[in-house]
Amino acid sequence: MAIDPLASGAPSPLHVGLPAAGQHARALREGSFARALEAASSEVLPPASPRASRPGTSAGAASRAFEPHTPIVSAAESADPDRWDGLLNRLGQKYGVPPLFLKAVMLIESGGRPDAVGDGGHSVGLFQLHDQGYGHGMGDLRFDPEANADRAARGLAASWRKVQAAGYTGEYAVRTAYDDTFNPGGGFAYQGDALVRTYNRLLQQQGLPPLS
């Protein structure tokens, strides 16, 4: 399934309940992930190369996987990039923002992994909500895919409306809306670069021209 900007979408059947999300969050903090997280947070790296599939992982899904722009810790080596399309379609309609934009942001933040942890433990979930940013006050709720995506979509939509009102289009609109929300001031240019590459890859998969 690909994102259809005009589709109303439907709730994701893979929604994770809050009790399970909370248990998983605590396990991430207290278990073996803590050591991996400490190592991953000690340096900032450019986008990682796609990981090889592991036993039990679909080769097709692995070949279509997207990697985040900075290191994360996750139990999954790769994720199905289309897993959350229904949820993103629905949120796009709810907040008036292109679902494909939401999908591209999600993929560069977590690669579509709902258990992703980054920034030394400060950023978690599908959209890597920071505990001092869009995830402030959410606690373990950030590990709930729908709650995480809803909070991110609301913020991204507000920025999207601002750039549209300013007359921005194409790549400039995508970069500006993302910088306004997730990369204040555009201080980390490689994040915007990753977003544009990912957006264009998604457009290509649908037979559409790249951002202009």
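## A guided tour of the predicted chain

Start with the whole chain: residues 24 or more positions apart account for 61% of its contacts with a separation of 6 or more. Contact here means heavy atoms within 4.5 Å. This is a predicted model, in which local features need pLDDT of at least 70, side-chain atom pairs count only at pLDDT 80 or more, and totals for chains, interfaces and linings use all residues. Residues are numbered from 1 along each chain as its sequence is written, and side-chain values use heavy atoms, with hydrogens and water left out.

**Whole chain.** Colour by secondary structure. You will find eight helices and three strands. From the N terminus, the order is α-α-α-α-α-β-β-β-α-α-α. These elements are DSSP runs numbered from the N terminus: helices are H or I with at least four residues, strands are E with at least two.

Now show the surface. The chain exposes about 10000 Å², and carbon and sulfur atoms supply 55% of it. Accessible areas come from the Shrake-Rupley method with a 1.4 Å probe; for residues, only the protein chains shown count as cover. Of the 212 residues, 45% are buried. Buried means under 20% relative accessible area, exposed over 50%, and partly exposed in between (1.4 Å probe, protein chains only).

**The sheet.** Select residues 117-118, which are strand 1, and 129-130, which are strand 3. Add strand 2, residues 123-124. Together the three strands form an open sheet in the order 1-2-3, with antiparallel pairing. Strands 1 and 3 stand at the edges with a single partner strand each, so one side of each has no neighbour in the sheet. Two strands pair if DSSP finds at least two bridges between them. Strand 2 and strand 3 are joined by two bridges. Zoom in on Ser 123: its bridge partner in strand 3 is His 130.

**Salt bridges.** The whole structure holds eight salt bridges. Each is a side-chain nitrogen of Lys or Arg within 4 Å of a carboxyl oxygen of Asp or Glu.

Select Lys 103 and Asp 82. Their side chains meet in a salt bridge at 2.7 Å, N to O. Lys 103 belongs to helix 5 (residues 99-110), while Asp 82 sits in the loop between helix 3 (59-63) and helix 4 (85-95); the two are 21 residues apart. Is Lys 103 buried or exposed? At 2% relative accessibility, Lys 103 is buried.

Move to Asp 150 and Lys 94, whose salt bridge spans 2.8 Å, N to O. Asp 150 lies in helix 6 (residues 145-165) and Lys 94 in helix 4, so the pair ties together parts 56 residues apart in sequence. Asp 150 is buried at 17% relative accessible area, whereas Lys 94 is exposed at 52%.

Next, select Arg 175 and Glu 171. Their closest N and O atoms are 2.8 Å apart in a salt bridge. Both lie in helix 7 (residues 170-181), four residues apart, or about one helical turn. Arg 175 is partly exposed at 24%, and Glu 171 is partly exposed at 26%. Then select Asp 82, Asp 85 and Lys 103: salt bridges that share partners join them into one network.

**Last stop: His 69.** Find His 69 in the loop between helix 3 and helix 4. His 69 is buried, at 4% relative accessible area. Which side chains does the His 69 side chain contact? One polar contact goes to the side chain of Thr 70 at 3.4 Å. Another goes to the side chain of Glu 109 at 3.2 Å. A polar contact is a pair of N or O atoms within 3.5 Å; within protein, one must be able to donate a hydrogen and the other to accept it, and residues adjacent in sequence count only if both atoms are side-chain atoms.
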